[in-house]
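Hi there,

Here is the structure I promised to pass on. Have a look at it first, and then read my notes below.

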Amino acid sequence: MIQLQKLVAGFIFFTLCILTFLLVFESYVDIPKWLWPLGRMHPLVLHFPVALVFLLGILSFSKSKIEEKSYEGIQQFLLHFTGLTASLTALMGFFLSQESSGSDLLALHKWTGAGVAYLVYVLILTVDKRSIYNGVLIITLGTTVYAGHLGAGLTHGTNFLLEPLMASEQKEITAESPIYENMVAPIFAKKCAGCHNSEKHKGELDMSSYAKILKGGEDGFVWEAGNADKSEIIKRHFLPLDDDHHMPPEGKPQLTDIELALIYQWIENGADTSRSIANLEETDTLFSTANVVMNQMNLANHKAKYEFDFADQDVIKGLNNPNRSVNQITPASPAISANIYVRARYQKEFLTELLEISEQIISLNMVNLPIEDDELSVIGQFVNLEKLILNGTNITGKTLSDLKACTKLKSLALSSTKVTASINNDLAEFKSLEEIFIWNTEIDKAGFKSLAEQFPQLEIFLGYSSADEPPLKLDIPSIGDSNKKGRVRGVNEEINFESNLPGTNIHFTIDGSEPDSTSPIYKEPILFNAGMVIKTIACKESWLCSDVKPYSFITQGIQVDTAYILTRPSESYHKITKDFDATRLIDQAVCEEGNLTHDKGFAYIGEPLIMIADMGAKPKQIEQVVVSYFINTGSVVFPPKKITVYGGNNKNNLTVIANFSPTPLTKEVSYSSSLATVSFEKQNFRYYKVKIETLIVPKWSGRTGEVSDVFVDEIFFY
Amino acid sequence: MEDEFLEHRYNINRRHFLGKIGLGLGSAALSATLLPKLFDGIGGGEQEALAGVTHFAPKAKRIIMLFQNGAPSQLESFDYKPLLNKMYDQDLPESIRQGQRLTGMTSGQERFPLVGSIFDFKQHGQAGTWVSDLFPNIAKITDDICVIKSMHTDAINHDPALTFMQTGSQIGGRPGMGSWLSYGLGSENENLPAFCVLLSKGQGNGQGVYSKLWSNGFLDSMHQGVKFSASEDPVLYLNNPDGMSKDERRIMLDQLSLLNQMNYEKFGDPEIITKIKQYEMAYRMQTAVPELTDMSKEPDHIIKLYGSDCLTPGTYAANCLLARNLSESGVRFVQLYHQGWDQHANLVGDMPGQALDVDRASAALITDLKQRGLLNETLVIWGGEFGRTNYCQGTLSETNYGRDHHPKAYSIWMAGGGVKAGMSHGETDEFGYNIVKDPVSVHDLHATILHLMGLDHEKLTYKHLGRRFRLTDVEGEIVKDILA
């Protein structure tokens with residue numbers, strides 16, 4: 001026996017050492033998964049030390065009634081057993097505590113719990129010294145009770161013990177409950193009493209009780225019974241938000257519409273504290289408002305408490321597949337939300353298999369799936385369903401009554417389905433329903449109206465309607481195939497136009513006049529002519545016509561064999577590699593009109609752009625050089641100052657053949673593409689040099705003295 | 001005899017002592033096995049995040065981030081500062097600037113003339129939120145959004161600020177926010193990537209976005225963001241090549257998977273497993289993606305809601321519509337970037353165009369989510385990487401001005417999942433320069449976003465190179481005031 005006791009005492013010491021060690025180095029601790037079940041046995045084992053500590057107390061109390069020898073034997077046995085269970089419980093509790101986030105309550109429970117384990121060990125050590133032993137025993141008893149209470153707080157909630165006594169606060173509000181006490185006063189408590197209470201009575205007003213409210217404040221009474229409009233509390237709500245007298249003050253939570261309505265109507269009704277829904281006429285506005293508030297408050301009190309059990313984790317796991325995700329809303333809640341995806345792969349089993357967890361599903365999302373009417377009978381078995389999304393499914397609403405067992409349904413989404421106004425008859429079944437989504441369905445305006453009348457509490461989402469808004473402007477037509485072709489075209493090449501919105505007409509002119517909805521409609525590709533400008537506009541019924549978009553096309557130039565740039569482009573637009581490539585200036589591709597694309601050209605700031613074009617061994621005749629550039633004066637991108645063309649057959653000795661200076665701008669120009677043409681007598685040179693100089697920003701732009709940017713995206717030769 | 005007894009007792013005590021010491025040491029050694037981090041500095045045991053397990057009840061299930069890349073001016077959008085109009089062309093008082101560092105672009109300026117918004121502001125909605133006339137449609141939904149006017153960041157240039165906002169660190173290499181969420185919450189719909197990225201570009205002065213912003217960093221590469229292409233074919237190379245049937249593709253993938261599996265058994269590289277998974281997902285995407293990117297079935301009123309450019313692939317509006325589809329189908333994090341908000345000069349010329357690009361579609365997204373019953377479970381965030389200065393950069397004229405980067409205060413807005421609607425949080429001083437009430441740092445924002453998604457930002461960690469990394473590094477306070 002003694003041997004066993006020693007063994008046990010050693011084991012307790014050992015366990016306590018581990019515990020101490022873990023507590024000291026808690027921040028480093030990482031409990032491996034295989035130890036978690038041990039931690040989770042804490043709630044099971046903890047009952048031993050609690051009961052045993054009490055037994056020790058009783059034993060100590062009844063010492064005189066037990067024979068000395070037996071007493072000592074029992075005491076030794078009990079002590080060691082208590083110590084063993086207490087230290088194990090504490091250690092398991094420590095493991096368990098590492099699983100969840102550390103609240104203050106948990107920390108306190110951990111330390112008091114560990115305290116019990118240590119105290120019991122102290123008892124074992126001091127068993128021979130009666131006076132110390134009894135003192136420690138009393139402390140141990142107290143600590144055990146306290147630690148146990150804290151632990152109960154963790155599992156059942158801190159107000160678990162006294163909850164039945166305080167239940168009056170959360171009791172169900174009924175038609176007999178006085179409206180003031182149950183609905184109005186809580187609003188005051190929530191939104192007013194923060195500043196108007198017995199400690200902090202701003203404006204000499206205390207709203208912490210009915211009697212004190214009646215006394216009023218420095219500006220008089222809070223309300224005038226029967227006359228809400230003259231009541232201070234109502235008047236102040238309607239003052240502008242930034243008015244000093246507006247209540248609740250700016251920045252504080254304001255009264256919601258329903259709260260305001262309730263207070264207003266209750267005052268209007270006579271501000272009678274005994275008034276309840278039961279003694280109101282049904283026609284009274286207060287009757288319906290109070291009913292809404294009552295339902296809301298009762299619902300809020302019940303919210304998020306589920307009475308059903310957890311589903312088997314293996315079942316949940318098994319139900320998850322790529323087409324279906326099934327998850328508990330949190331690990332701590334048995335409630336499950338399920339989503340099914342991908343229309344093309346939907347099979348009815350995806351839904352029926354969920355019956356395995358029919359009790360736990362509170363949210364089901366089957367948006368855009370081919371769900372048929374007959375499948376609602378499956379969904380109808382999910383009795384705890386709160387949110388159901390059937391937007392874009394094939395249902396017609398005929399079988400909506402199959403859902404009648406889903407009495408907890410709060411949110412029902414049926415948009416973009418074929419449901420008709422006849423769903424009115426079935427909706428009455430869903431007592432908890434708060435919102436319904438029914439836009440883009442067969443229900444027309446009259447149907448919406450009757451629905452709203454029949455279910456005044458229901459929030460009905462009718463969706464966005466463009467009817468009340470001024471019509472929108474269409475997007476401008478775009479060039480078809482624009483990615484491949486762009487604005488540079490060969491003669492007789494086809495030009496296509498397209499609009500992003502199906503059913504849009506594209507009208508166009510090629511004579512320079514402004515097109516409108518009466519201009520010819522684009523039906524087939526237009527054949528390109530040199531220098532053609534096509535003005536287009538998109539029009540469609542119930543839309544405003546787009547802006548007029550002129551498309552100026554550029555004729556393809558003569559192919560340059562190779563080209564070199566002699567001056568370094570600015571790096572402020574993009575990084576320039578050491579051997580920058582001039583190809584982008586002779587590739588017959590330009591930026592989209594009015595849209596600067598960095599890699600289509602080069603920018604120069606201050607320094608001129610100088611390019612040499614090699615026309616190859618058999619040069620064609622050239623009589624024009626055309627430079628395409630971009631203008632956006634706001635970001636200092638201006639036209640070039642001067643373009644000079646040199647020519648010759650020796651690369652190192654070229655002579656000036658012509659120059660041209662674009663007309664200087666006199667006002668802001670934003671996001672625009674432009675061309676400058678340098679003409680000269682026909683030449684047959686092999687080499688041409690083009691020098692494009694930048695200018696000093698003109699005075700009118702307000703940026704006196706700055707050097708402008710020039711952005712050139714192509715140099716054409718004709 | 002006596003001595004022998006004494007000796008015996010000593011012995012007992014010594015044995016007892018050594019025994020106890022042994023027990024104590026033994027227990028220490030045993031418990032040390034539970035503290036791998038204490039003795040093992042390198043840390044072998046990699047803790048796996050429990051994908052799909054939230055730390056507490058989430059308010060939002062999905063995020064759509066409408067990132068306004070380049071930093072839109074708060075002074076022309078949501079932070080109304082009439083004093084700046086009154087003090088037009090007067091110098092920024094040093095008492096306000098307080099030696100704040102400036103970018104190289106304006107630090108050489110001789111003076112810092114204040115300039116107020118050229119665009120008018122009005123109050124909108126029940127909450128009386130100030131919105132400039134550039135955003136008429138966002139103005140209509142102010143009762144659904146929460147404007148934070150007191151954002152501030154650590155970086156003053158685009159790349160670090162953008163990287164900070166997206167990954168929680170100014171230096172690249174960390175996982176993006178979407179990757180963290182994919183890691184922490186897993187995928188809702190395994191037919192699609194959990195993290196999708198959509199790009200668009202306005203005409204204004206632009207700044208680049210780089211794939212490091214949606215990189216998985218040190219996380220498994222299955223958490224990487226997938227960039228959708230701005231063309232009619234949003235996911236490139238998703239379709240089977242001509243002449244290959246679906247069945248053939250399936251057989252090919254099965255065989256490829258076997259080969260990869262063999263390789264994995266040989267080398268044990270987890271990236272090989274990721275690769276197998278990605279091929280599988282791509283196969284499933286072949287069916288799932290066309291359903292989502294087909295906009296032809298959208299009813300006319302939805303087209304009108306987003307504006308007609310929502311049918312032009314690659315526009316912001318088209319991306320908003322696509323984002324709605326992706327989010328509705330369970331994509332955890334949809335990240336939009338709209339480039340072109342860097343108005344150093346020509347703000348008056350550039351900003352209306354940028355606003356026109358995003359105003360209607362941003363508001364439409366909120367309205368559309370709401371009418372689908374999705375707004376309360378989807379968190380939408382709109383904003384840039386920093387703010388803009390209250391003084392003019394470059395030449396100030398009656399009709400035009402520019403603004404430099406300003407990290408000390410800027411505005412963003414959030415809507416939906418768990419965020420209080422119809423409120424403004426935080427305040428800046430009358431100059432719109434410093435925050436005077438409720439500052440919100442980027443780490444705070446991240447902490448709040450994770451909180452709304454049901455994750456504790458201090459617990460969502462990943463061990464890499466010997467330390468545990470968090471999205472919020474070692475900072476971040478949840479902004480409780482904006483939680484619904």
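**A helix pair in chain B**

Please keep in mind that this is a predicted model. In chain B, helix H8 (residues 246-267) and helix H9 (residues 270-293) have axes that come within 9 Å and cross at roughly 170 degrees. Because angles over 145 degrees count as roughly antiparallel, H8(B) is roughly antiparallel to H9(B). On the H8(B) side, the residues making the contact include B:Leu253, B:Leu256, B:Asn260 and B:Tyr264. H9(B) contributes, among others, B:Ile272, B:Ile273, B:Ile276, B:Tyr279 and B:Tyr283. Sorted by character, the residues of this contact are nine nonpolar, six polar and four charged.

**Domains of chain B**

The domain assignment splits chain B into domain 1 (2-34) and domain 2, which is made of two segments (62-237 + 289-482). How far apart do the C-alpha centres of domain 1 and domain 2 of chain B lie? The answer is 66 Å.

**Where chain A meets chain B**

You may also enjoy the interface. There, 69 residues of chain A are in contact with 65 residues of chain B. Between them the two chains bury about 5,500 Å², with 56% of that area on carbon and sulfur atoms. Three salt bridges are counted between chain A and chain B. B:Lys140 takes part in a salt bridge with A:Glu469, where the closest N and O atoms are 3.8 Å apart.

Happy browsing, and best wishes!

Note on methods:
Residues are numbered from 1 along each chain as its sequence is written. Chains are lettered from A and ligands numbered from 1 in the order in which they are written. This is a predicted model: local features need pLDDT of at least 70, side-chain atom pairs count only at pLDDT 80 or more; totals for chains, interfaces and linings use all residues. Side-chain values use heavy atoms; hydrogens and water are left out. Axes are lines fitted to C-alpha atoms, for helices over the stretch in contact, and angles run from 0 to 180 degrees between N-to-C directions. Helices (H or I, at least four residues) and strands (E, at least two) are DSSP runs, numbered from the N terminus. Angles under 35 degrees count as roughly parallel, over 145 as roughly antiparallel, 65 to 115 as roughly perpendicular and the rest as oblique. Contact means heavy atoms within 4.5 Å. Ala, Val, Leu, Ile, Met, Phe, Trp, Tyr, Cys and Pro count as nonpolar, Asp, Glu, Lys and Arg as charged, and the others, Gly among them, as polar. Domain bounds come from an automatic or database domain assignment. Buried area is the accessible area (1.4 Å probe) that two parts lose on being put together, summed over both. A salt bridge is a side-chain nitrogen of Lys or Arg within 4 Å of a carboxyl oxygen of Asp or Glu.
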